[in-house]
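Subject: Structure handover, aromatic pairs and cysteines

Hello,

Here is the structure for your files. My notes on its rings and cysteines follow below it.

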Amino acid sequence: MNFFEIRQPYVEKLNKNEYGLLDYVIKNMDKIQNKSIREIAAACYVSTTTFLRFVRKIGFSGYSEFSTVIKYTVLNSDKQEDKAEPFVEEQSKYRNEYLKNIEETVRVLDERKLLKICQVLDHQPKLYFFAKGFSKYSAEYIEYLYTLNGFIVIFPKNHEQRRLAYRNVQLNDVVFVFDYEGEDDELIQIIQNLQSQKEYALLVSITGANNNTIQNMSDENLYLFTDELKVSGVDMTSHVSLIVIMELLLYQFMEYEKSKQ
């Protein structure tokens, strides 16, 4: 009876506002475990009816069950922490949120989706990475990692290269699209063009957990969690979770290959 296990099958159906409620619950479990639905709803600036609807949408019969599972999950988490090293260095709030985002990204990874992608990767397709903005710098590391492991990776770095690259995608190739918001017009146009050709093996997107356009256009979507951060108007949002997903996918593929031997 774990909160993360119960709500996992329902994350894909959440809209942006409901994802915000989920994010609040995950990051404040220890604070809300003994609060009433009215208190939590007020803290989230929604009505009790809206919060109850959210609770039912993520797999609970009502608030009573939700509250009980939250308490159990927090208790179990505390026991796990007690087993850790006796000295725990005090973390700043941002560090705690940073770690929670990575942990949640790993928690929601669907092993069935990873296995399906691995089965396609087993045919040694060319991999196309499409990313813009800050995501490009994470994608450069991912490109290096997958190239080291024998994959041919095509990663266009600018608009002109992306405009030409998608035209070379062939029937057995796998396309990855990295976009946290999932609403980039250029990337959406590329996907539309690819789908009109219908000449690729699989299109995988990695986006935030809100309901977005790129997610809905993809064959498979993997969710990442992060806190948006801008400094002097410059996007400094962490993309560590994107790297985590692609690393875990690669490790899953390596395990899949070993199991066939």
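Does Phe66 count as buried or exposed, and at what relative accessibility? Phe66 counts as buried, at 1% relative accessibility, where buried means under 20% relative accessible area with a 1.4 Å probe and protein chains only.

This is a predicted model, in which local features need pLDDT of at least 70 and side-chain atom pairs count only at pLDDT 80 or more, while totals for chains, interfaces and linings use all residues. Residues are numbered from 1 along each chain as its sequence is written, and side-chain values use heavy atoms, with hydrogens and water left out.

Aromatic rings. The whole structure holds 16 aromatic pairs (rings of Phe, Tyr and Trp, the last by its six-membered ring, with centres within 6.5 Å; planes under 30 degrees apart are stacked, over 60 edge-to-face, the rest tilted). One of them joins Phe60 and Phe66 edge-to-face, at 5.5 Å centre to centre and 90 degrees between the planes. Phe60 is buried too, at 3% relative accessibility.

Phe129 and Tyr146 also pair edge-to-face, because their planes stand at 85 degrees, with the ring centres 6.2 Å apart. Phe129 belongs to strand 1 (residues 127-131) and Tyr146 to helix 9 (residues 135-148), so this pair ties together parts 17 residues apart in sequence. Helices (H or I, at least four residues) and strands (E, at least two) are DSSP runs, numbered from the N terminus. Both residues, Phe129 and Tyr146, are buried.

Ring pairs also link Phe3, Phe4, Phe51, Phe54, Phe60, Tyr63 and Phe66 into a cluster.

Cysteines. The count of disulfides (cysteine sulfur atoms within 2.5 Å) is zero. Cys44 is buried at 15% relative accessibility, and Cys118 is buried at 0%.

Regards

Key: Buried < 20%, exposed > 50% of the residue type's maximum accessible area, 1.4 Å probe, protein only.
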